[in-house]
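Please look over the sequence and the model shown here before reading on. The text below goes with them.

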Amino acid sequence: MEISRVINLFHSGLSIYLSTGWLLSPIHNKILLGFIPCVYFNWILDDKQCLLTKLEYYFTNTKSNKIHYEGFISKKLKSMNIQLEETMIDQIISIILFHSFVQSYKNIIIYNQ
């Protein structure tokens, strides 16, 4: 299996974990409370580009003169024939991550009472 495919599968799993991990046990809620802000701030600081997307492009030899790669979520949506603007995708990602963070926080408070 190509390393770019492994990175893509890991990225998919991580995306699912970040958005639904709050449904799991309390330890996952605690992990997400630290992990979500780290991932989100890295994404913001890197001009809304994910490190895993960059690694995938690097290992598929898709090095081009473009500085902005097509986003992971954008590529997944296009494969399902869903066309959205990048700004809309960015807003959806932000809302999902914020929701997951709030749910994790709420779950920790409820479990600790």
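The paragraphs that follow cover a helix packing, a buried side chain, the cysteines and two loop residues.

The model is predicted. A starting point is the pair formed by helix H4, residues 72–79, and helix H5, residues 86–111. Their axes are 10 Å apart, and the helices pack at an angle of about 110 degrees. Angles of 65 to 115 degrees count as roughly perpendicular, so H4 and H5 are roughly perpendicular to each other. On the H4 side of the contact are Ile 73, Ser 74 and Leu 77; on the H5 side they meet Glu 86, Ile 89 and Ile 93. Sorted by class, the contact of H4 with H5 has 4 nonpolar residues, 1 polar and 1 charged.

The next site is in helix H2, residues 26–45, where Asn 29 is found. Is Asn 29 buried or exposed? Its relative accessible area is 0%, and buried means under 20%, so Asn 29 is buried. A polar atom of the Asn 29 side chain lies 3.2 Å from the backbone oxygen of Ser 25. Beyond the neighbours within four places in sequence, Asn 29 is in contact with Trp 22, Leu 24, Gln 103, Ser 104, Asn 107, Ile 108 and Tyr 111.

The cysteines come next. How many disulfides does the structure hold? It holds 0. Cys 38 is in no disulfide, and the nearest cysteine sulfur, that of Cys 50, is 13 Å away. Why is there no bond from Cys 50? A disulfide needs cysteine sulfur atoms within 2.5 Å, and the closest cysteine sulfur to that of Cys 50, in Cys 38, is 13 Å away and therefore too far for a bond. As for accessibility, Cys 38 has a relative accessible area of 53% and is exposed, whereas Cys 50, at 24%, counts as partly exposed.

Two loop residues remain, and both concern the backbone angle phi. Most residues other than glycine have a negative phi. Asp 47 is not a glycine, yet it has a positive phi of about 60 degrees. Asp 47 is found in the loop between H2 and helix H3 (51–59). With 56% relative accessibility, Asp 47 counts as exposed. Where is Asn 81 placed? Asn 81 is in the loop between H4 and H5, the two helices that pack at about 110 degrees. Phi of Asn 81 is near 65 degrees, again a positive value in a residue other than glycine. The relative accessible area of Asn 81 is 69%, and exposed means over 50%, so Asn 81 is exposed.

How values were computed
Residues are numbered from 1 along each chain as its sequence is written. This is a predicted model: local features need pLDDT of at least 70, side-chain atom pairs count only at pLDDT 80 or more; totals for chains, interfaces and linings use all residues. Side-chain values use heavy atoms; hydrogens and water are left out. Axes are lines fitted to C-alpha atoms, for helices over the stretch in contact, and angles run from 0 to 180 degrees between N-to-C directions. Helices (H or I, at least four residues) and strands (E, at least two) are DSSP runs, numbered from the N terminus. Angles under 35 degrees count as roughly parallel, over 145 as roughly antiparallel, 65 to 115 as roughly perpendicular and the rest as oblique. Contact means heavy atoms within 4.5 Å. Ala, Val, Leu, Ile, Met, Phe, Trp, Tyr, Cys and Pro count as nonpolar, Asp, Glu, Lys and Arg as charged, and the others, Gly among them, as polar. Buried means under 20% relative accessible area, exposed over 50%, partly exposed in between (1.4 Å probe, protein chains only). A polar contact is a pair of N or O atoms within 3.5 Å; within protein, one must be able to donate a hydrogen and the other to accept it, and residues adjacent in sequence count only if both atoms are side-chain atoms.
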